[in-house]
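User: Could you take a close look at one part of this model for me, the second largest pocket, and then work outwards to whatever surrounds the chain contact? I'd like one connected walk-through rather than a list.

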Amino acid sequence: MTNFLNDLKNKKFTQGEPLEPEAIIIAQKILHNMGMDFIPTSYVDFLKHYNGMKYDGSYLFGATVDDDLDIIDKNEQMQKPENTILLGYNDFDLLCYNYLLKQYQIIDRNDFETLSTYTEEERDFALSNIMAF
Amino acid sequence: MSRKKSSYAEKHSVYVPEESVLSSAFWEKNKDLLAVMSSPYDFYDNFKELEYSRQIAMIELFRSISAGNIVISPRSIKQQMLDLVYDELEQIHWMTGSYYEEGNAYYPIADDEKKLVRMECYGTIDVRREHELSSYYKFFNKPENKGKFRLRDYNLKESPMWRVFNQFESFRSIAPNVRRYLYTQGINPDALKVMSVNDFCDVIHAMYAKKPDSMKARFLPLGYKNKFVISFMRHCGKDLEKHLISRGIDERKVKSLCRMMKQYGLCDVDRVVITETHCTQRVLDDLKSHHYDVSAYKVGDQIPETLMNEIFDNRQESLLLARDENGIPLTKEDLPRFEVHHKNAVKFAHSDDYLAKVNYNGNLLLVEKEIHRAYYHGFDHIIPVNQNNERYFSRINSTSSEMCMIDGFDATRDMFFYNLENTLSARRRAKQDKENVVNYYEMQYERLNNIQKIADRYNIEYSKTDLNKEYKNLQELTQFKVNISAEDIKMFEKWFNQNTNTPKQNSKQKKRNKSPIVPPHKPDNER
């Protein structure tokens, strides 16, 4: 069984501060007020281990004060397809969660074409796809 | 007792009211920018005089105004302001050697091609899920279908999809390994003719993954993105050091950042270890206590490169940590955060000559993070035009192939120009790349032809998912009007329809359309 979290053990990258329960509630509330759905449970599970991470131009967002990784800031600032929450990006692609289709999507940043889709159970494939290491 | 708010809660508890261009708060906050903006004839000179953070704020203001995020009324002022913004943005584009590209017609690149561009750029390959692999590859990968073949039977040129990989230098470099791997695995050479891009990705992942269950495998020691940074540092590293020091950044910080960029091709400031460049008493004591022979050095001596490398190799760089006069390690705040940017979007790869060119040094740019975000990607725009998935897009492209670094808007000071393509290896690579250009859709067509023959020969069952995938390819072939006759397409459609309607039926048991399929014409130079 492949596991993104296991693969991360030997990697060097920058991560957000440990997730505070209040932070995730605030993130959920504000994203909801911005017209989005809630952050998927499988992604919240990931945030409990790593509250956002960045490495050489690739980012996974969290409920963190680090401006590069703040899921609220990034969903406000960056353009993304409809019905999605932006969870990360790299030089080429966006990682979004489509809350209508209930799936993670790797989307080309330039033309918004969906390149790959992953179920909630396949979360690790999606996260691994976006990180450049 | 009141509970302390989390820092994240505090960050997001500030209410920001909608800004109006006529509000006094807006004027107060942006008066310097509005002063520069209101004199379009001197804009270039005045803009250059602004602090870097205000230049970025100016670009963000332009973006907000042009995107309608700031309320401007009455309407007459709005139009005037928009005209001014476009006019002044043009001047910034001129300064940076860029232009604003917009439209909805471009020669699209296939999803498979996009994947290859990413793999080459990062030097890594992702694991493929079972359902992403073709049933033909899975058939040939079964132990009962493997056998002993001769190495010379594995001719990758016979594989249409490998020829798509073959366009890139990085994949050409690993081709002999791919061939040998297929041979040692005993995979039937006929598999090459029907393997898809994902199938080859699976092979490469299996070849290079440290553990079979790793999500990623590094198939190149360095991605082309990192190679670009190293190449830039090799030619312009000294100038970059001088440039950053002239900005008032501590020499130790600059040298540490440049060292990492030169060695690993990484610009990630968070990962820089800022080390002393010269021996201090503390450094000498620390090294001595860790059994390094430092008897030849005294305080103030430059730390030699060899010693530095040895310490880094032993992962003891903390012994060299640079500190201020109070003994506190130096912070990294004032170091520029560089990122690598594609000057021309990957989606334009075909209109900009050939695909492999997209990861050339000439198409990459080392750019300070804020300019990258606010300027180069600040004006990206994608709007769906109709139901047929057509989109209107806009993006800032760069016209100068020689610009290799930008960390400000003064062309004489903040931009570096060097022709990184003017090397023997770059010219050789370009020559080989040009010789190996193929049309993806024609390769796909050739593969579809092969599938028909191979599935027949080996009695491989079609799966509905597979056929649907191939049908999608067929539709793309039609959509992009490659050099394939309408009759051929119709013949294929008939064949696919026959098999899609009865997906479980064995191919041998079916009455097939046996008419020969005319191969596609040679690609003309449409691109």
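Analyst: By class, the lining of the second largest pocket splits into 18 nonpolar, 9 polar and 13 charged residues. Bear in mind that this is a predicted model. That lining comes to 40 residues, and the ones nearest the pocket's centre are N10(A), K11(A), K12(A), Y55(A) and R271(B). So you get names from both chains there, around a volume of about 1300 Å³.

As for who builds the wall, the elements that put in two or more residues are α1 of chain A plus β3 (216–218), α12 (224–246) and α13 (251–264) of chain B. Of these, α13(B) has the largest share, with 5 residues.

Since that pocket draws on chain A and chain B, the contact between the chains is the natural next stop. Here 53 residues of chain A touch 50 residues of chain B. Together the two chains bury about 4400 Å², with 46% of that on carbon and sulfur atoms. On the chain A side, D56(A), F92(A) and N110(A) give up the most area to chain B, and the three of them make up 17% of what that side buries.

What about charges and polar groups across this interface? The rule picks out 12 salt bridges between chain A and chain B. One you can pull up straight away pairs the side chains of K11(B) and D67(A), at 2.8 Å from N to O. Mind the chain letter: this lysine is K11(B), while the one by the pocket centre is K11(A). Residue pairs in polar contact across the interface number 24, both partners being at pLDDT 80 or more.

Looking at the chain A side of that interface by element, two or more residues come from each of α1 (4–8), α2 (21–33), β2, α4 (71–77), β7 and α5. By class, that side has 20 nonpolar, 14 polar and 19 charged residues. Notice that α1 of chain A turns up here and in the pocket lining as well.

Now for the enclosed spaces. Searching the whole structure gives 6 cavities of 30 Å³ or more, and the largest has a volume of about 310 Å³. Its lining runs to 22 residues, with N129(A), K115(B), R118(B), D126(B) and R128(B) nearest the centre. At least two lining residues each come from β7 (114–118) and α5 (123–130) of chain A, and from α6 (111–122) and β2 (124–126) of chain B. The largest share, 4 residues, belongs to α6(B). By class, you'd count 9 nonpolar, 6 polar and 7 charged residues in this lining. Both β7 and α5 of chain A are also on the list of elements touching chain B.

The second largest cavity has a volume of about 190 Å³. Its 17 lining residues include G57(A), Y59(A), D268(B), F338(B) and E339(B), which are the closest to its centre. Two or more residues come from β2 (53–55) of chain A and from β4 (338–342) of chain B, and β4(B) holds the largest share with 3. In this lining, 10 residues are charged, 6 nonpolar and 1 polar. As with the other cavity, a chain A element from its wall, here β2, appears on the side that touches chain B.

Terms used:
Residues numbered from 1 in each chain as written. Chains lettered and ligands numbered in written order. Predicted model: local features only at pLDDT ≥ 70, side-chain atom pairs only at ≥ 80, totals over all residues. Heavy atoms only, no water. 1 Å grid on protein atoms, 1.4 Å probe; cavity = no way out; pocket = protein on both sides within 12 Å on 5 of 7 lines; lining within 4 Å. Points joined across faces, edges and corners; volume = space filled by probe spheres on them. Nonpolar A, V, L, I, M, F, W, Y, C, P; charged D, E, K, R; others polar. Contact = heavy atoms within 4.5 Å. Buried area = accessible area lost by both parts, 1.4 Å probe. Salt bridge = Lys/Arg side-chain N within 4 Å of Asp/Glu carboxyl O. Polar contact = N/O pair within 3.5 Å; in protein donor to acceptor, adjacent residues only side chain to side chain.
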